[in-house]
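Let's take a friendly walk through a protein chain together. Have the sequence and the 3D view ready, and look up each part as it comes along.

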Amino acid sequence: MTVTFYFTRHGETQFNVENRVQGWCDSPLTSKGVYDAYRLGQGLVSLDFIGACTSDAGRAQETLSLALEARENERVRRGLVVPQRPVRVEYWPGQAEAWRPSAPDFKRDGYPALPLDAPEAEPSAEPSVPVRCDERLREWCFGDLEGESARRLRNRMFDLFGDDIPREEQNERLNEIADHVHAPDSSGRAEPFAAIEERIESFLRDCGESVEQRGGGNVLVVTHALFIRTLVFMYARERVSTPPKIQNASLTILTWDDGVISVETVGDTAHLECAPFGEGRPHPGRPQESQFDRAAAEAVHRTYTIWCISVTQP
């Protein structure tokens, strides 16, 4: 049975605005990031998900929480079936403690899996989307460049290429860039491209096989720009620069069918501008007014306590 992955990049963050390198380090969502996460959730209202997965970065977890909340609110507004169980994020052991706070030791039982202590839903109620937090969905690690100005990263690429190459060419040479960031890294954390490929393949295999055994379905995955770009590089290299940039809260859709992976859509943002995703899409018509305005986004943003991971030497 076919498994369809809806990969999305987290909402805009403070480091995005400040143009700082953000891989395994973290920063909070901006008001725009909160707004886009809500638009993402509204755009997914007509789709059913067998599960959702998120990177262990705070910006990805918050994006997923906001998107699922917005999706539920939109279902309430439309009089659709409403989930009866709360959404919770599960962690699994083995996370790198230097990069995020310690978390409860949840058992990794199936993938994705329901919270271990979640109450059974009433037979007539739709369960909340089961959520799994997975470190394999992290962004590239930039090692000693984490949290620094993006200029330092550009300088390192200049050392590799001898020039400031356009984004399209960067996308076509991701493997060279990752290995060049890894080689001189003084922190020992930056990954070679082969390691990034390995964790992407591992995630797709584990999640794809598990969901396939359950009869297939849709899986929402919140991750990061270069993670998504690497997916396209691996499975549809001819489309690696279409579009040149993976926007915040955009959708990249992959299908898994008995281990065969196909890239269907890359960096789609129509759900942020037009009618909710799944209702006669693509919908080139007039953009609709959001039910969640920017003032509300700022109010929601203030209610969240966001942790920011500091980059430390090992």
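A salt bridge is a side-chain nitrogen of Lys or Arg within 4 Å of a carboxyl oxygen of Asp or Glu. Keep in mind as you read that this is a predicted model.

**Salt bridges**

By this rule, the count comes to 15 salt bridges. Three of them are set out here.

| Salt bridge | Closest N to O distance |
|---|---|
| R59 and D26 | 2.7 Å |
| R77 and E74 | 2.6 Å |
| R173 and E169 | 2.9 Å |

Start with the salt bridge between R59 and D26. R59 belongs to helix 3 (residues 58-78), while D26 sits in the loop between helix 1 (14-18) and helix 2, so this pair ties together parts that are 33 residues apart in sequence. Are these two residues buried or exposed? R59 has a relative accessible area of 1%, so R59 is buried. D26 counts as buried because its relative accessibility is 0%.

The salt bridge of R77 with E74 is set within one helix. Both residues lie in helix 3, three residues apart, which is about one turn of the helix. E74 is buried, as its relative accessible area is 5%.

In the salt bridge of R173 with E169, R173 is partly exposed at 24% relative accessibility, and E169 is partly exposed with a relative accessible area of 27%. Elsewhere, D56, E135 and R138 are joined into one network by salt bridges that share partners.

**The chain as a whole**

Now step back. The chain has 10 helices and seven strands. Of its 314 residues, 54% count as buried. If you take the contacts between residues at least 6 apart in sequence, 76% of them join residues at least 24 apart.

**Helix 2**

Find helix 2, made of residues 31-43. How far apart should its ends be? At 1.5 Å a residue, its 13 residues should span 18 Å, and the end C-alpha atoms are indeed 18 Å apart, so the two values agree. Helix 2 is also largely enclosed by the rest of the structure, because 11 of its 13 residues are buried. Among these buried residues are G33, Y35, R39 and G43.

**Strand 2 and its partners**

Next, look at strand 2 (residues 51-54). G51 and C53 point one way from this strand, A52 and T54 point the other way, and all are buried. Strand 2 runs parallel to strand 5 (residues 217-223), with four bridges joining them. The bridge partner of T54 in strand 5 is V222. Strand 2 also pairs with strand 4 (residues 131-133) in the parallel sense, over three bridges. In this pairing, C53 stands opposite R132.

**Strand 6 and its partners**

Which way do the partners of strand 6 run, parallel or antiparallel? Strand 1 (residues 3-9) pairs with strand 6 in the antiparallel sense over six bridges, and F7 stands opposite T252 there. Strand 7 (residues 260-268) pairs with strand 6 in the antiparallel sense too, over six bridges. The bridge partner of L251 in strand 7 is D268. Strands 6 and 7 form a hairpin with two residues between them, and D258 in the turn has a positive phi of about 55°. Strand 6 is mostly covered, as six of its seven residues are buried.

**Two residues to look up**

E212 is found in helix 7 (residues 193-213). What is the nearest side chain of opposite charge to E212? That side chain is R214, 11 Å away, and E212 is buried yet has no salt bridge. Leaving aside neighbours within four places in sequence, E212 is in contact with M1, V3, W256, D257 and D258.

N248 lies in the loop between helix 8 (225-235) and strand 6 (251-257). With a relative accessible area of 12%, N248 is buried, because buried means under 20%. Not counting residues up to four places away in sequence, N248 touches several residues, including R9, H10 and L272. A polar atom of the N248 side chain lies 2.9 Å from the backbone oxygen of H10. The C-alpha atoms of N248 and K32 are separated by 9.8 Å, although the two residues are 216 residues apart along the chain.

How values were computed: Residues numbered from 1 in each chain as written. Predicted model: local features only at pLDDT ≥ 70, side-chain atom pairs only at ≥ 80, totals over all residues. Heavy atoms only, no water. Buried < 20%, exposed > 50% of the residue type's maximum accessible area, 1.4 Å probe, protein only. Contact = heavy atoms within 4.5 Å. Polar contact = N/O pair within 3.5 Å; in protein donor to acceptor, adjacent residues only side chain to side chain. Pairing = 2+ DSSP bridges. Expected span 1.5 Å × (residues − 1). Lys, Arg positive; Asp, Glu negative; His and termini not counted.
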